[in-house]
Amino acid sequence: MDALLLVGLTVLALVLPWLIPRWRLRRALARALPASAVAVLERQIPPYRNMGPDLQAQLRRLVAQFLHQKKFIGCEGLVVDDDMAITIAGQACLLLLNRPSKVYPALHTILVYPTAFVARRDEVGPGGVVTPGRQSMLGESWDDGRVVLSWDDVQRGAADWTDGQNVVLHEFAHQLDSESGRANGAPYLGHHARYRDWSEVLARDFHALRWQAMYRQRSVIDPYGATSPAEFFAVATETFFEKPWQMAEHHTELYGEFCKYYRVDPRAWQAPPPAPPAHAPDAPDAPHLAWPARW
Ligand SMILES: [Zn+2]
């Protein structure tokens, strides 16, 4: 009898740490997101207003899970209130609609600075000599489960949903990219056959962007995406959700690959932009020559 009791207690000790978080999550998801939280989504996430009821319900559920599982830490005296957390969670979870992935399983903490923050950035010179350096940043994504954001820039991203600049979409695209092992512009795509088309299309448009950036030509995708394949994926994600019509016109195959990956077509949430003036044909956008620091 004592042996049976001991076995039972051992099994319970092994199973409870696995069961309790799931029970707590189920209980959290059973409660509807409060009306005040939905009002924040409507105010801060413009695509939410134009989604159908099914996608809106999906986003609310994803946001509820995000808020339940992730920890927000304010830095340099910033207090992260509910509205701020919902704004960040709502934008981050846009990337997860219709997808079978979990809610950023490797991520546990979002650090929020009031404004752009200074981070250490070592530079490797000729011969591998490392020079310590510091750089002003809008956001960072780390493989160890942290995302760092500047609240000023989160707000800027929410205020203008048509400029292709959104630090939350950028950093959480890096988180998705990391799920495949390392951030290299090739997130987990499922079937291995998908990688061939993905790498062919992304490599072609990445190299085209490098040329455009080198010669200061206009581009729909911000030239910061020319710094590496991982940055290209993150910056193209910003473009996909904020300038879907322009991206579909100027990067048709890339837009198609992103529609397949993200399983949404953001053109459904945004009116087409006005046609450019007749004297400026084929002019997607003014170039952003000052590259913001987002990693
Ligand atoms: Zn980046």
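Q: In which helix do Lys260 and Glu257 both lie, and how many residues apart are they?
A: Helices here are DSSP runs of H or I with at least four residues, strands are E runs of at least two, and both are numbered from the N terminus. Lys260 and Glu257 both lie in helix α11, three residues apart, which is about one turn of the helix. The model is a predicted one, in which local features need pLDDT of at least 70 and side-chain atom pairs count only at pLDDT 80 or more, while totals for chains, interfaces and linings use all residues. Residues are numbered from 1 along each chain as its sequence is written, and side-chain values use heavy atoms, with hydrogens and water left out.

Q: Which residue forms a salt bridge with Glu257 from within that helix, and how far apart are the closest N and O atoms?
A: A salt bridge is a side-chain nitrogen of Lys or Arg within 4 Å of a carboxyl oxygen of Asp or Glu. Lys260 forms one with Glu257, the closest N and O atoms being 3.3 Å apart. Salt bridges that share partners join Arg194, Glu257 and Lys260 into one network. The side chains of Arg194 and Glu257 meet at 3.0 Å, N to O, and this pair links distant parts of the chain, with Arg194 in helix α8 (residues 193-214) and Glu257 in helix α11 (residues 252-262), 63 residues apart.

Q: Are Glu257 and Lys260 buried or exposed?
A: Buried means under 20% relative accessible area, exposed over 50%, and partly exposed in between, with a 1.4 Å probe and protein chains only. Glu257 counts as buried at 5% relative accessibility, whereas Lys260, at 45%, counts as partly exposed.

Q: How many salt bridges does a search of the whole structure find, and where do Asp153 and Arg156 lie?
A: The search of the whole structure finds eight salt bridges, one of which brings together the side chains of Asp153 and Arg156 at 3.3 Å, N to O. These two residues are three apart in helix α6 (residues 151-159), so that about one helical turn separates them. Asp153 is buried, its relative accessible area being 11%.

Q: Which protein atoms are donors of the zinc ion?
A: Donors are N, O and S atoms within 2.8 Å of the metal (3.2 Å for Na, K and Ca), and because water is not among the atoms, sites may look incomplete. For the zinc ion they are NE2 of His170, NE2 of His174 and two OE entries of Glu231, lying 2.0 to 2.6 Å from the ion. Along the chain these donors follow the spacing H-x3-H-x56-E. His170 and His174 share helix α7 (residues 167-178), where they are four residues apart, about one turn of the helix, and both are buried.

Q: Why is the site of the zinc ion called irregular?
A: Four donors count as tetrahedral if all angles lie between 85 and 135 degrees; four count as square planar and six as octahedral if opposite donors are over 155 degrees apart and all others between 65 and 115; anything else is irregular. The four donor atoms of the zinc ion make angles of 55 to 147°, and the site is irregular.

Q: What describes a pair of aromatic rings?
A: A pair is described by the distance of the centres and the angle of the planes. Rings of Phe, Tyr and Trp (its six-membered ring) pair if their centres lie within 6.5 Å; planes under 30 degrees apart count as stacked, over 60 as edge-to-face and the rest as tilted. By this rule the count comes to 20 aromatic pairs. The rings of Phe240 and Phe241 have centres 5.0 Å apart and planes at 85°, so this pair is edge-to-face.
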